[in-house]
Amino acid sequence: MLAKKVNLLYHIDTKGGLAYIFIRLVLFLFGGIRLSHYFTNEDLKSNVQKISTHILDETFSFYTDNGVFSKEKLDFGSRVLLENIPISEISGEVLDVGCGYGPIGIVLSKLTNAKVTMIDVNKRALHLVERNLKINQVSACVLESDAYASLENKTFDFILTNPPIHAGKQKVYEILMGAREHLNPGGRLFLVIRKDQGAKSCFSDLEKYYNEVQVLEKNKGFFVISCKKP
């Protein structure tokens, strides 16, 4: 019951207000409750809806639900990421980390010849991904995974993520820095992060793990960053 109430508060206030502060206090006192964007949410009442979005000259449809990130529309960060990576260069094995209901991986599957894998810890999101792959007539490998836990030694040519900031810095850095171990030599990580969520310090930390760390775009406080594995 406590987890359910905390989940509901989270979806009411995700911008750092009093409810968010309360949530962090609950987590500190009781522990063991995970939030999303990036959490399990079986207790949250379902309310599936269908949205559509136009991006990169294509129109996509998505089923969304309570308990998944940005259920009303494609979030601006993911849009900025997709519109500013070199789509024509993306090929081979591609991984979408923290895929949510699937917009990043599905767009890439539609517009490239890459073999896309999509992972998330949120079971409800993964169920939506399966439906969204069908309605957009694309295919991808879909796996439940907390960061890279289910991937073992599998590697990729490209990894993309709009990281789950509200899961905390430790989880975000596990995704961003851990990507290096799952990239092929010369592989690239693309991510989007807001300035007020620590984009500049994140950039500096990424330079310790990767070479050719670049800001591809800045738009309304969102930084699109590219990192290349040696």
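Helices (H or I, at least four residues) and strands (E, at least two residues) are taken here as DSSP runs, numbered from the N terminus. The model is predicted, with local features requiring pLDDT of at least 70 and side-chain atom pairs pLDDT 80 or more, while totals for chains, interfaces and linings use all residues. Residues are numbered from 1 along each chain as its sequence is written, and side-chain values use heavy atoms, with hydrogens and water left out.

## Overall composition

The chain has 7 helices and 9 strands. A residue is called buried under 20% relative accessible area, exposed over 50% and partly exposed in between, using a 1.4 Å probe and protein chains only. Of the 230 residues in the chain, 53% are buried. A contact means heavy atoms within 4.5 Å. Among the contacts in the chain with a separation of 6 or more, 66% join residues 24 or more positions apart.

## Nonpolar cores

A nonpolar core is a set of buried Ala, Val, Leu, Ile, Met, Phe, Trp, Tyr and Cys residues joined through side-chain atoms within 4.5 Å. The largest such core holds 36 residues, of which I85, I90, V94, L108 and L160 touch the most other members. Helix 5 (residues 123–135) gives the most to this core, contributing 5 residues. Beyond its neighbours within four places in sequence, I85 is in contact with I90, L108, L160, F190, L216 and V224. A second core, separate from the largest, has 27 residues, including Y173, I193, L206 and I225.

## Strand 6 and helix 6

T161 belongs to strand 6 (residues 156–161). Because its relative accessibility is 0%, T161 counts as buried. Not counting residues up to four places away in sequence, T161 touches L81, V97, I175, L176, L189, F190, L191 and V192. The C-alpha atoms of T161 and I175 are separated by 8.3 Å, with their positions 14 residues apart along the chain taken as the sequence distance.

Helix 6 (169–178) is mostly covered, with 7 of its 10 residues buried. These buried residues are K171, V172, Y173, I175, L176, M177 and G178. Their cover includes strand 3 (93–97), strand 6, strand 7 and helix 7.

## Helix 7

In helix 7 (residues 199–206), the buried residues are A199, C202, F203, D205 and L206. They lie on the same side of helix 7 because they cover an arc of only 165° around the axis, the arc being that of the directions from the helix axis to the C-beta atoms. What covers them includes helix 6, strand 7 (183–194), strand 8 (211–219) and strand 9 (222–228).

## Helix 4

Helix 4 (residues 103–111) contains L111. Since 7 of the 9 residues of helix 4 are buried, this helix is largely enclosed by the rest of the structure. The buried residues are P103, I104, G105, I106, V107, L108 and S109. L111, by contrast, counts as partly exposed, at 28% relative accessibility. Leaving out residues up to four places away in sequence, L111 touches L56, E58 and I87. L111 and E58 are 53 residues apart in sequence, and 8.8 Å apart in space from C-alpha to C-alpha.

## Cavity

Rolling a probe the size of a water molecule over the atoms shows where empty space is left. On a 1 Å grid over the protein atoms alone, a cavity is a set of points where a 1.4 Å probe fits but cannot get out, and lining residues have an atom within 4 Å of a point. Grid points are joined across faces, edges and corners, and a volume is the space filled by probe spheres set on the points. A search of the whole structure finds 1 cavity of 30 Å³ or more. The largest cavity contains about 110 Å³ of space. Its lining comprises 12 residues, and F69, D75, S78, C99 and P103 are the closest to its centre.

## Residues with positive phi

Two loop residues other than glycine are listed below.

| Residue | Phi | Loop | Relative accessibility |
|---|---|---|---|
| E152 | near 50° | between strand 5 (141–144) and strand 6 | 66%, exposed |
| K220 | near 50° | between strand 8 and strand 9 | 70%, exposed |

Note on methods. On a 1 Å grid over the protein atoms alone, a cavity is a set of points where a 1.4 Å probe fits but cannot get out, and a pocket is an open set with protein on both sides within 12 Å along at least five of seven lines; lining residues have an atom within 4 Å of a point.
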